[in-house]
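Hi everyone, thanks for coming. I'll walk you through one protein today, so have a look at the screen and stop me if a word is new.

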Amino acid sequence: MGSSLTIATLAAFYVQEYPEAVTVMLFYQVGELFQDVAVNKSRRSIADLMHIRPDYANVKLADGSTRQVSPESIKVGDTILVRPGEKVPLDGKVIVGSSAMDTSALTGESMPRSVEEGDDVLSGFINKNGLLEIVVEKPFLESTVTKILEFVENASSRKAPTEQFITKFARYYTPIVVILAVLLAVLLPLIIPEMTFNDGVYRAAIFLVISCPCALVVSIPVGFFGGIGASSRKGILVKGANFLEGLNDVKYVIMDKTGTLTKGKFEITDIEASEGFSDEELLELAAYAETHSSHPIADSIKERYGKEIDERRIDEYNDISGHGVQAIVDGKETLAGNAKLMAKYSIPFKAVEEVGTIIYLAIDGAYAGYLLIADTIKDDAAEGIALMKEKGVEHIIMLTGDSKAVAEAVGNKLGIDEIYSELLPQDKVKKMEGIMAYKNKKEKVAYVGDGINDTPVLARSDIGIAMGGLGSDAAIEVADIVIMDDKPSKIGTAMQVAKDTRQIVWQNIILALAIKGVFLILGAFGVASMWEAVFADVGVTVIAVLNAIRVLRK
């Protein structure tokens, strides 16, 4: 826009229109002011993320005292203290204390998250009330806050196709309009007898000011920057404008199951006690029987029991591989395991046909009942599937390594179109490549996953989306978009932001080209003065930029 100001001012001075020259300069400055305000507003939502960068860490020393140090100097295994009101400087696990954490800067969620001993916390969380001792599990350079800031800083370097088109357009457009302006200045005085050379120069200057492509060159990147900012405010990190725009063309969404559509955490969903036993007794005996097991199934039982286990009540413990466990609890023989364990000890029982893992229990040779343990579906998974279909996704496909029965139970409940189960990581890649082979060239395939085994498919897809709250570092690193709170519904939210961004960007393109086209014709025929020329440049740019930042309010 500075070049337009120079041309307009020199032209006004050249024809000795001094009041016009001064007023044009003032008008440009006012336009620059409005543009800066608009652009800064679009940047603010992303710039706010910079405030999550921790300034210091309180490391606990061997003598029990604390010292304030740089987060970069903290090592894995060190213990840090986080006081109320302070930011968590590094990723780690709470070992002492409980508190409510403000996670809004990372996840976009306004509700505080409660944490206590044993819970994981991420750098960038803000401690609301309690004093916490945290053992550090990742160095600063690998912490969540550092990775987020790297993603944000690198996002602007990945331009969307629309931005690239405008850059190429300006490369050819600019020399063409300069040549036309020179021809106007030279030929018009020769064609029109009453026109002087000064008049020709002045009309050419008007033509050049009108033709300046500032409205396109400035407002379109600001539109995408605003879209990335709007996404970040909702807990969605987009690593480039090209990925944001690409969401508009996604027709196939392929999803992992465990940790993506389900919580990735086993829970007891049903307890059925036989006659003579209570549910509470069944749960207690199962927890004691599984005391020495580190299997996730055993962990879910002990977590549901929720009480301290007195190991003095356990006299004997045998882990029977592939079957379950046999233990003596309170002098009673307790069996906890699968159907094969019941058959091995000749316990008469009725097999249960339920989706999930069944733990049968027997006490002193008598069948006591069973526990049903399953990976529960995320609360917003069904909403997420419905929202994606509403946004134009035509095929939603599940790829999972889980059993066919479990996969179909989850997929059918959520309304997923195609379900493929019992797949190895390489099988997932083959399925992905098969889908990409028969899709339309303009259509895009997105893959959503969270684990290390998902990284090959994330990398192979057109747009890789990782669950960032509980997902593996490898998946987050490879992905193009990261959902910070692990909610599947945020995929649909990201698609809506992408749709709003594209709509606003094309509004700006049509607006700028239409107004400039009209004023270029008027300027060439001498109808438009320098005032109209300045409006066609600065005014249209300001309007386009103000329109671009509307996406932040979507």
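Let's start with one residue: is Tyr252 buried or exposed? Tyr252 is buried, because its relative accessible area is 7%. By buried I mean under 20% relative accessible area, with exposed being over 50% and partly exposed in between, using a 1.4 Å probe and protein chains only.

Before going on, some housekeeping. This is a predicted model, where local features need pLDDT of at least 70, side-chain atom pairs count only at pLDDT 80 or more, and totals for chains, interfaces and linings use all residues. Residues are numbered from 1 along each chain as its sequence is written, and side-chain values use heavy atoms, with hydrogens and water left out.

So what is pLDDT? That's the predictor's confidence in each residue, from 0 to 100. For the protein chain the mean pLDDT is 79, and 80% of the residues reach 70 or more. Over residues 1-25, though, pLDDT stays under 50, and for that stretch the model has 45 contacts beyond four places in sequence. A contact means heavy atoms within 4.5 Å.

Now the overall picture. The protein chain has 18 helices and 22 strands. Both are DSSP runs numbered from the N terminus: helices are H or I with at least four residues, and strands are E with at least two. Of the 554 residues in the protein chain, 50% count as buried. If you take contacts between residues at least 6 apart in sequence, 65% of them join residues at least 24 apart. The protein chain exposes about 25,500 Å², and carbon and sulfur atoms supply 56% of that. Those areas come from the Shrake-Rupley method with a 1.4 Å probe, and for residues only the protein chains shown count as cover.

Next, a sheet. There's an open sheet of 6 strands in the order 2-1-3-9-4-7, with antiparallel pairing. Strand 2 and strand 7 (120-121) stand at the edges with a single partner strand each, so one side of each has no neighbour in the sheet. Two strands pair, by the way, if DSSP finds at least two bridges between them.

Take strand 9, residues 132-136. It runs antiparallel to strand 3 (residues 79-82), and 4 bridges join the two. Within that pairing, Val82 has Leu132 as its bridge partner, and Leu81 stands opposite Glu133. Strand 9 also pairs with strand 4 (residues 92-96), again in the antiparallel sense over 4 bridges, and there Gly92 is opposite Val136. In strand 9, 4 of the 5 residues are buried, so this strand is largely enclosed by the rest of the structure.

Out at the edge, what about Val69? That residue lies in strand 2 (residues 66-69). Val69 counts as buried because its relative accessibility is 15%. Not counting residues up to four places away in sequence, Val69 touches Tyr56, Ala57, Val59 and Ile74. Val69 and Tyr56 sit 13 residues apart in sequence, with 5.6 Å between their C-alphas.

Further along, strand 14 (residues 324-329) and strand 15 (residues 332-337) pair antiparallel over 6 bridges. One bridge partnership there is Val325 with Ala336. Their hairpin has 2 residues between the strands, and Asp330 takes a positive phi near 55 degrees. Strand 15 is also joined to strand 16 (residues 357-363) by 4 bridges, running antiparallel, with Leu335 opposite Ala362.

For a helix, look at helix 6 (residues 197-211). Its 15 residues reach 21 Å from first C-alpha to last, close to the 21 Å expected at 1.5 Å a residue. That expected span is 1.5 Å times one less than the number of residues. Buried residues of helix 6 include Tyr202, Phe207 and Ile210.

Last topic: aromatic rings. The structure holds 5 aromatic pairs. Rings of Phe, Tyr and Trp (its six-membered ring) pair if their centres lie within 6.5 Å; planes under 30 degrees apart count as stacked, over 60 as edge-to-face, and the rest as tilted. Tyr252 and Tyr438 make an edge-to-face pair, 6.1 Å centre to centre with 75 degrees between the planes. That pair links distant parts of the chain, since Tyr252 is in strand 11 (residues 250-255) and Tyr438 in helix 14 (residues 425-438), 186 residues apart. Tyr360 and Tyr367 have ring centres 6.4 Å apart and planes at 45 degrees, so that pair is tilted. Both Tyr360 and Tyr367 are buried, and ring pairs link them with Phe349 into a cluster.

That's my tour, thanks!
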